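Reader: I am new to this structure and would like the reasoning behind each label. Please take me through it step by step.

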Number of protein chains: 4
Amino acid sequence: MRVDAQRNRARILDAAEAVFAEFGARASTEEVARRAGVAIGTVFRHFPTKDDLLVAIMKRLLAQLVEDAEGHGLFAFFTHTVAQAAAKKTAVDLLAGSGVDIRLPDAVGHLEEAVGRLLTQAQAAGVVADSVRLPEVMALLASVCQGALHGGWDKHLQARTLAVVFAGLNRD
Amino acid sequence: MRVDAQRNRARILDAAEAVFAEFGARASTEEVARRAGVAIGTVFRHFPTKDDLLVAIMKRLLAQLVEDAEGHGLFAFFTHTVAQAAAKKTAVDLLAGSGVDIRLPDAVGHLEEAVGRLLTQAQAAGVVADSVRLPEVMALLASVCQGALHGGWDKHLQARTLAVVFAGLNRD
Amino acid sequence: MRVDAQRNRARILDAAEAVFAEFGARASTEEVARRAGVAIGTVFRHFPTKDDLLVAIMKRLLAQLVEDAEGHGLFAFFTHTVAQAAAKKTAVDLLAGSGVDIRLPDAVGHLEEAVGRLLTQAQAAGVVADSVRLPEVMALLASVCQGALHGGWDKHLQARTLAVVFAGLNRD
Amino acid sequence: MRVDAQRNRARILDAAEAVFAEFGARASTEEVARRAGVAIGTVFRHFPTKDDLLVAIMKRLLAQLVEDAEGHGLFAFFTHTVAQAAAKKTAVDLLAGSGVDIRLPDAVGHLEEAVGRLLTQAQAAGVVADSVRLPEVMALLASVCQGALHGGWDKHLQARTLAVVFAGLNRD
DNA sequence: TATGAATGAGTGTTCATTCAT
DNA sequence: AATGAATGAACACTCATTCAT
C-alpha cells in the first residue's frame with residue numbers, strides 16, 4: 001500500500017506540473033486529479049492544501065535546477081535554464097509569486113549554493129568579473145527567466161538578451 | 001453628471017490599480033468597488049468586463065511609462081522604471097500575463113517608440129554599443145522589472161543588477 | 001411638451017413590441033430604451049414598471065385584434081390571427097403569462113365581444129353549429145395561436161390544424 | 001455512495017419540476033437546491049448547467065407522456081394529457097420554449113411514435129377521419145395543452161373545447 | 001487508503017429601479 | 001420632462017475543501 005501511495009504521489013506531482021504549466025496556477029485541483037487519473041480526495045490526502053501541492057512542485061523543480069547546475073559552466077547553465085523557462089512555466093511563475101505565498105528557504109538555498117559554485121568557477125576562469133556577487137547573478141537569472149517565459153521570446157531574442165547579460169557579467 | 005461619472009471612472013481606476021497591486025489580478029471586482037466607494041454596478045457600467053478594467057489600468061500605466069521616458073536618458077529611465085516596478089506591481093504582472101490575455105498593441109507600441117528614441121540617443125552618446133537593438137532592451141527592461149517586483153529586491157540589489165545590465169549594454 | 005411626451009410614449013411602445021417579440025419578455029428595458037432612441041429614465045417615467053409596459057403592449061395588441069375582427073368572418077379571423085401569431089409573438093406570450101401576471105379585463109372583454117359577434121354571424125350563416133359557445137371559441141383561438149407561435153408551424157400545418165378545428169366547430 | 005447520489009439526483013429533479021412549475025423557468029437554481037434540501041453545488045454537480053436541468057425535466061415528462069399513451073385511446077389520452085397540463089406546467093412551458101432553447105429529438109420522437117400508434121388505432125376504429133395526419137394531431141395536442149395551462153380553464157371548458165377538437169378529428 | 005459526492009463561500013455579471021443633474 | 005449614472009439584489013456558476021462510504 002505504501003508503494004501505491006508513493007506512486008500516486010508521484011503521479012499527482014507530474015500531473016500538477018503539467019497542468020499548472022499549461023493553465024497557470026489558477027488551474028483547478030480537479031483538473032490535476034483528472035490528469036493524474038486519481039480522485040480529488042486522493043490529491044488532498046497527499047497535499048492537504050492546493051498551496052502544499054504548489055510548494056511540492058517548486059521543490060522538485062528547484063532540485064532539478066540544482067542538478068542541472070552540476071556539470072555546466074555558468075553561462076551554459078544560464079542559457080539552458082532560460083530556454084527551459086517556458087517549458088517549466090510553473091517554476092518561474094511560482095517563484096514570481098502568482099498569488100501564492102511560498103517560502104522555500106532550503107530548496108532556494110541549495111540552488112544558490114550550486115549557482116555560487118558556478119560563479120566562483122566562472123570568475124576563476126576569468127569569464128566573469130570579480131566584482132560580481134551571487135545576489136545579482138540570481139536576480140538576473142530569475143529576471144531573464146521570467147522575461148523569456150512571459151514575453152514569449154524566440155530563440156534569437158533569448159540569445160541577444162543573454163549576450164547583453166553575459167557581456168555585463170564579463171566586465172562591469 | 002458627466003463630471004461625476006468621470007470622477008467615478010478615475011476613482012475606480014485608482015482603486016483597481018491599488019487593489020490589483022496589493023492582491024494580484026485575482027482580487028475581486030467587489031473589492032475594487034468597495035475601495036472606490038462605489039456600488040458594484042458602477043464598476044461594470046464603466047468597465048463591462050473585469051478584463052476591460054485590467055486593460056484600462058494597463059493602458060494608463062504604459063502611458064505613464066511613455067511619459068517617464070521623455071526627458072531621461074536610457075539608463076536613468078531603466079533605473080527609475082525598475083524602482084517603480086514594485087509600486088506599480090500590476091503593470092508588470094499584467095504584462096506578464098497572469099491569467100488574463102491582453103493585447104495592447106498601441107500602448108505597447110508607443111512605449112517601444114519612446115524607448116527606441118532613448119536607445120538611439122544613448123548610442124549617439126556612446127554609452128550603449130551600436131550592436132544593441134531595441135528588442136533586447138525591451139526584453140531586459142521587462143525582465144528586470146519583473147525580477148525586482150517579485151523578488152522583493154532592495155535598492156542595493158537593484159543597483160548591482162542594473163550595473164551588470166548597463167555594463168552589458170555599454171559593450172558586448 | 002405634451003406632444004413630445006406623447007410621441008415618446010408611442011415610440012417606446014413600438015420599440016417594446018418589437019424588442020419583446022424578438023427576444024421574449026426577458027429582454028431588458030435598456031434594450032427597449034435603446035431601440036426607442038430614448039434614455040432609460042424616460043421609459044420608466046412613462047411606465048413606472050416593466051410590467052406596466054408589458055400591460056400597455058398587451059392592450060394595444062388586443063385592441064388591434066378587435067379591429068381585425070371587424071369585417072371578417074369567424075374562420076377568416078381565426079386564420080388571419082393564427083398566421084399573425086408568430087409575428088406578434090408578444091401578445092400570445094403575454095396572454096400565456098410568461099412570468100408576468102396581467103389582468104386586462106376590459107381589453108379582453110372587448111375582444112370577446114367582437115369574437116362573439118363573429119360567432120353569432122357564423123352560426124346564423126350555418127357554418128358553425130349552434131351548440132358552440134363563445135368560451136371554447138376563445139379557448140381554441142388562444143390555443144392554436146400559442147401552438148402556431150411556439151411550434152414554428154409552417155403554413156401547411158397551420159392550414160391542416162385549422163381545418164380540424166373548423167370541422168369541429170361546424171358540427172359537433 | 002452511488003445510491004445517495006442517485007437519491008439526490010432524483011430529489012433535485014422532483015424539486016426542479018415543482019419549482020419550475022410554480023415559478024416558471026425563470027425560477028432560480030438556488031430555489032431548486034433549497035427545495036431539494038441540497039447545497040447549490042450539488043445541483044450543479046448533477047446538472048452542470050441550468051439548461052441541463054431543464055432538459056432533464058423535459059425528458060422525464062415526455063417519457064411520462066409516452067407511458068401514459070400506452071393503454072389509452074387517442075381521445076382519452078388527449079383528455080388526460082390536457083387535464084394534467086396545469087399540474088405539469090413545466091413540460092408545456094418548456095416545449096413552448098420560454099427563453100430556453102432545447103432540442104429533444106429523441107424524446108419528442110418517441111412521443112410522436114406513441115401518439116401515431118393511437119391515431120392509427122383511432123382511425124381503424126373509425127373515430128378519427130382517415131384524412132387526419134399525425135402532425136396536426138400533435139399540433140392540436142400541444143396547442144390545447146398550452147391553452148388549458150395558461151388560460152386556467154376549468155374542467156367544463158376543457159371538455160367543451162376538446163369536444164370541438166374531437167368532432168373535427170372525427171370528420172373534417 | 002481511495003473514492004467521489006457534498007458543501008458553501010465567492011466570482012463575474014445583469015438588470016429593474018432610483019435619483020441627481 | 002428627459003437624461004443617464006448609480007444602486008444593489010439576484011443570478012448562474014466555480015472550486016477548494018470536507019467527509020461519508
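Reader: Which residues come nearest to DNA strand F?

Author: The model is a predicted one. Of the 34 residues around DNA strand F, those that come nearest are Phe44(A), Asn8(B), Thr42(B), Arg45(B) and Thr42(C).

Reader: What makes a residue count as near DNA strand F?

Author: One of its heavy atoms has to lie within 4 Å of the strand. For DNA strand F, 34 residues are counted around it.

Reader: Which part of DNA strand F lies within 4 Å of the protein, sugar and phosphate or bases?

Author: Both are represented: sugar or phosphate holds 68% of those atoms, and the rest belong to bases.

Reader: Why is the pair of Arg45(B) and DNA strand F called a polar contact?

Author: A polar side-chain atom of Arg45(B) is 2.3 Å from a phosphate oxygen of the strand. The cut-off for a pair of N or O atoms is 3.5 Å, so this pair is a polar contact. Thr42(C) also places a polar side-chain atom by a phosphate oxygen of DNA strand F, at 2.6 Å.

Reader: What does Gly41(C) approach on DNA strand F?

Author: A polar backbone atom of Gly41(C) is 3.2 Å from a base nitrogen of DNA strand F.

Reader: Which elements supply the surface near DNA strand F?

Author: At least two residues each come from α3 (40–46) of chain A, α1 (2–23) and α3 (40–46) of chain B, α1 (2–23) and α3 (40–46) of chain C, and α3 (40–46) of chain D. By class, the residues of this surface are 14 nonpolar, 14 polar and six charged.

Reader: Which residues come nearest to DNA strand E?

Author: Thr42(A), Lys50(B), Asn8(D), Thr42(D) and Arg45(D) come nearest, of 34 residues around the strand. Of the atoms of DNA strand E that come within 4 Å of the protein, sugar and phosphate account for 71%.

Reader: How do you know that Ala39(A) is in polar contact with DNA strand E?

Author: A backbone N or O atom of Ala39(A) lies 3.3 Å from a phosphate oxygen of the strand. That is within 3.5 Å, so the pair qualifies. Thr29(B) has a backbone N or O atom 3.0 Å from a phosphate oxygen of DNA strand E. In Asn8(A) a side-chain N or O atom is 3.2 Å from a phosphate oxygen of that strand.

Reader: What classes of residue make up the surface near DNA strand E?

Author: This surface has 14 nonpolar, 14 polar and six charged residues. Among the elements that each supply at least two of its residues are α1 (2–23) and α3 of chain A.

Reader: Why is the relation of chain A to chain B called a two-fold axis?

Author: A turn of 178° and a shift of 0.0 Å along the axis lay chain A on chain B with an RMSD of 0.4 Å. That is the relation of a two-fold axis. In chain A, the C-alpha nearest this axis belongs to Gly168(A), at 1.8 Å.

Reader: How do you know that the same surface serves both copies?

Author: Of the contact residues of chain A, 96% recur in chain B. Each of the two chains gives 28 residues to the contact.

Reader: How much area is buried between chain A and chain B?

Author: About 2300 Å² is buried, and carbon and sulfur atoms give 61% of it. Arg26(A), Arg160(A) and Val164(A) supply 25% of the area that chain A buries against chain B, more than any other three residues.

Reader: What makes the pair of Glu136(B) and Arg160(A) a salt bridge?

Author: The closest N and O atoms of the two are 2.8 Å apart. The limit is 4 Å, so the pair counts as a salt bridge. Two salt bridges are found across the interface of chain A and chain B.

Reader: Which salt bridge does Asp14(A) form?

Author: Asp14(A) meets Arg60(A) in a salt bridge, with 2.9 Å from N to O. This pair links distant parts of the chain, since Arg60(A) is in helix α4 (residues 50–69) and Asp14(A) in helix α1, 46 residues apart.

Technical notes:
Residues numbered from 1 in each chain as written. Chains lettered and ligands numbered in written order. Predicted model: local features only at pLDDT ≥ 70, side-chain atom pairs only at ≥ 80, totals over all residues. Heavy atoms only, no water. Least-squares fit on C-alpha atoms with pLDDT ≥ 70 in both. Contact = heavy atoms within 4.5 Å. Polar contact = N/O pair within 3.5 Å; in protein donor to acceptor, adjacent residues only side chain to side chain. Helix = DSSP H or I, 4+ residues; strand = E, 2+ residues; numbered from the N terminus. Nonpolar A, V, L, I, M, F, W, Y, C, P; charged D, E, K, R; others polar. Buried area = accessible area lost by both parts, 1.4 Å probe. Salt bridge = Lys/Arg side-chain N within 4 Å of Asp/Glu carboxyl O.
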